[in-house]
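Here's a quick walk through this fold, written for someone who'd rather look at side chains than statistics. Keep the structure open while you read.

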Amino acid sequence: MIERGALEGLRVELVAGTIVEMSPQQEAHVEVIELTRLALASAFGPTHWVRVQSPLQAGEDSKPEPDLAVVEGRPGGADRHPSAAVLVVEVSLSSLDYDRHDKASIYAAAGFADYWVVDVVGRRIVVFRDPAADPAAPHGASYRTISTHLPGDPVRPIALPGAVIDPADCFLSL
């Protein structure tokens, strides 16, 4: 459908075999995505690529488009969407429950070890780790460890434990 242009102009992603329409972006959402991208790119450096709103292959029937995904390597040369990311980030302005539950379950089922929700309204980063099977979760998996980080309480990415991301860096002008 995408290749034929049937969804042109729509913000959609493929989740568990279903095409899900995404809400229009507000300026605060865009700003927090960019601030978080800058912080992650600075921390991870040239050995990683911080992809912005680009599909990830998350199982056979899901290609979510997280706000940010940190993948090893540089852009170019790939002929398909990556199925591995060292960090997946959703920026939540109006979708906090969806990002904390449904999206978390999708990413846990795909085995992404480090998933963050940057909560714009709460001015915090909620960190999800230790994915495991969970038949009660929407997509059959959930994260066993969840922590909340406020400004001044930095987060250390699993893939780069020497780096620190202060949530304050994601909310400079808000």
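Right after helix α1, G45 takes a positive phi of about 70°. Bear in mind that this is a predicted model. The helix that leads up to G45, α1, covers residues 27-44. Its 18 residues reach 26 Å from the first C-alpha to the last, close to the 26 Å expected at 1.5 Å a residue.

Which residues of α1 are buried? They are H29, V32, I33, L35, T36, A39, L40 and F44. These buried residues pack against four strands: β3 (48-52), β4 (68-72), β5 (87-92) and β6 (114-119).

α1 also holds a salt bridge of its own, between E34 and R37. The two sit three residues apart, about one turn of the helix. An α-helix has 3.6 residues a turn, so residues three or four places apart point the same way. E34 counts as partly exposed because its relative accessibility is 34%, and R37 is partly exposed too, with a relative accessible area of 23%.

Zooming out, the chain has two helices and eight strands, running β-β-α-β-β-β-α-β-β-β from the N terminus on. Buried residues make up 40% of its 174 residues. Of the contacts between residues at least 6 apart in sequence, 53% join residues at least 24 apart. About 8900 Å² of the chain is exposed, with carbon and sulfur atoms supplying 52% of that.

Now back to the charges. The count comes to four salt bridges, and three of them, including the one in α1, are set out here.

| Salt bridge | Closest N to O | Where |
|---|---|---|
| E34 and R37 | 2.7 Å | both in helix α1 |
| E90 and K103 | 2.8 Å | strand β5 and helix α2 |
| D114 and R129 | 2.6 Å | strand β6 and strand β7 |

E90 lies in β5 and K103 in α2 (residues 96-109), so this pair ties together parts that are 13 residues apart in sequence. Both E90 and K103 are buried. D114 and R129 link distant parts of the chain, 15 residues apart, and these two are buried as well.

Strand β6 also brings in the aromatics. The whole structure has five aromatic pairs. One of them joins Y115 and F128 in a tilted arrangement, 5.3 Å centre to centre with 35° between the planes. Since Y115 lies in β6 and F128 in β7 (residues 124-133), the pair ties together parts 13 residues apart in sequence. Both Y115 and F128 are buried.

Why does the pair of Y115 and Y143 count as stacked? The ring centres are 6.1 Å apart and the planes are at 25°, and stacking calls for planes under 30 degrees apart. Y143 belongs to strand β8 (residues 141-149), so its pairing with Y115 in β6 bridges parts that are 28 residues apart in sequence. Y115 has 0% relative accessibility, so it counts as buried; Y143, at 7%, counts as buried too. Y107, F112, Y115, F128 and Y143 form one aromatic cluster.

There are a couple of other spots to click on. R51 lies over the face of W49, at 5.0 Å from the ring centre. G59, in the loop between β3 and β4, counts as partly exposed because its relative accessibility is 41%. G59 and A110 are 51 residues apart in sequence, yet 5.8 Å apart in space, C-alpha to C-alpha.

How values were computed: Residues are numbered from 1 along each chain as its sequence is written. This is a predicted model: local features need pLDDT of at least 70, side-chain atom pairs count only at pLDDT 80 or more; totals for chains, interfaces and linings use all residues. Side-chain values use heavy atoms; hydrogens and water are left out. The expected span of a helix is 1.5 Å times one less than its number of residues. Buried means under 20% relative accessible area, exposed over 50%, partly exposed in between (1.4 Å probe, protein chains only). Contact means heavy atoms within 4.5 Å. Rings of Phe, Tyr and Trp (its six-membered ring) pair if their centres lie within 6.5 Å; planes under 30 degrees apart count as stacked, over 60 as edge-to-face and the rest as tilted. A charge sits over a ring if NZ of Lys or CZ of Arg is within 6 Å of the ring centre and within 35 degrees of the ring normal. Accessible areas come from the Shrake-Rupley method with a 1.4 Å probe; for residues, only the protein chains shown count as cover. A salt bridge is a side-chain nitrogen of Lys or Arg within 4 Å of a carboxyl oxygen of Asp or Glu.
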